[in-house]
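Colleague: Could you take a close look at one part of this model for me, namely the second largest pocket, and then say what the aromatic side chains are doing?

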Amino acid sequence: MKQYKAFAKVNIFLKITGKRGNYHEIISRFMKVENLYDTLEFVPKEETDAKANEFKILGSFSCETQQNTIYKAYFALKKATNSQKLEQLMHDYAVKVTKNIPAFAGLGGGSSDAATYLKMCNSVLDLGLSLHELAVIGLSVGADVPFFVYGYDSANVSGIGEVVEEFKEELLEIQTQTPKIEISTPHVYKVYTQDFYNPIDGFKTQELKKTSSREILMSMRADEANDLFKPALQEYKELKNHFKAGCFFSGSGSSFFKVKE
C-alpha cells in the first residue's frame, strides 16, 4: 500500500481571544512545513502475530498505544462510522509510522499523524466521508487535527481549533529547531491564565487574519506573535539558551523557527 505524508506545522502567530469553559479560544495562523513530515502506511501483520486482534502501530513512540493519537483517531472513526471494514482492516494490517517530527515540539506531529490516518482509512475503505466530517471526528482527538485534515498550506485557525479558514498566500520555506525540552501544553496555558492573561480584541483579531505571514514575521517580535512564549520561558528557563534573534516560537514549544533565507 502507498505511503502518506503527515506534515508538520508552525504557528506564525498565536493569540488568545478568550476562554470557553476550560478551553482557551485562539486566533492563529497555521502554516505547513513542507520539508518536515512523518510517513504512514498500512503493512500486513505478521502471520505469527499472536495478538492479531489488537490495534498495532509500528514506530518509535514514547507513549503506550492507548495514548497514541493514531489509536484515538481509530477509536473516534469506529465510533462515528460503526464500520466493519475498518475493524477488518486493523485486524489484518498494522500502521507503520516513520517519525521525523519531534514530539512535545509545538509542530503538531501527533495531530498530523491522526489526521493522516483518518484520511488514509477514508480513502482505502471508500468510507465516503467529507473533509468536514473527518475534521469533526478529528476534533475529538485533538484541537489541531482539523487543520491537518483540510490539508491547507496556510490557514487562520480559531475557536478552540475547530474553525479552519484557508488563507491564500505563498508557502514560506521554514527552518525549525527543536531543543530537547519536553513542554507540557496544559501547563503553559495554565501559567498564561495565571500570570499573563490578556486576550486580544475583535479588531486586532480581524487585522491579524488579513495580514500575510511574511508581513507578520517582519513586523512582530517572537513574544508579540505568540502569547505562549512568555509563560513557556518563565516555566522552562533553559529555552532562553536556544532562542536566537529573528526566530519565532511555535505553539507551546519547544520549537523555534525562521524563514529560510
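Modeller: What follows describes the pocket and its lining, and then turns to the aromatic rings. Please keep in mind that this is a predicted model.

The second largest pocket holds about 230 Å³ of space, and its lining is made up of Asn53, Glu54, Phe55, Thr65, Gln66, Tyr71, Tyr74, Phe75, Lys78, Glu87, Met90 and His91. Two elements, helix 1 (69–81) and helix 2 (84–92), each give two or more residues to this lining, and the largest share, four residues, comes from helix 1. By character, the lining residues of this pocket divide into five nonpolar, four polar and three charged.

Aromatic residues of the lining also belong to a wider grouping: Phe55, Tyr71, Tyr74 and Phe75 line the pocket, and they are among the members of one aromatic cluster that also includes Phe42 and Tyr117.

In the structure as a whole there are 17 aromatic pairs. One of them joins Tyr192 and Tyr197, whose ring centres are 5.7 Å apart and whose planes meet at 70°, so the pair counts as edge-to-face. Within this pair, Tyr192 counts as buried because its relative accessibility is 1%, whereas Tyr197, at 35% relative accessibility, counts as partly exposed.

Aromatic rings also meet charged side chains: the charged end of Arg29 sits over the ring of Phe167, 3.7 Å from its centre, and Lys32 lies over the face of Phe7, at 4.5 Å from the ring centre.

Conventions:
Residues numbered from 1 in each chain as written. Predicted model: local features only at pLDDT ≥ 70, side-chain atom pairs only at ≥ 80, totals over all residues. Heavy atoms only, no water. 1 Å grid on protein atoms, 1.4 Å probe; cavity = no way out; pocket = protein on both sides within 12 Å on 5 of 7 lines; lining within 4 Å. Points joined across faces, edges and corners; volume = space filled by probe spheres on them. Nonpolar A, V, L, I, M, F, W, Y, C, P; charged D, E, K, R; others polar. Phe/Tyr/Trp six-rings, centres within 6.5 Å; stacked < 30°, edge-to-face > 60°. Buried < 20%, exposed > 50% of the residue type's maximum accessible area, 1.4 Å probe, protein only. Lys NZ or Arg CZ within 6 Å of the ring centre and 35° of its normal.
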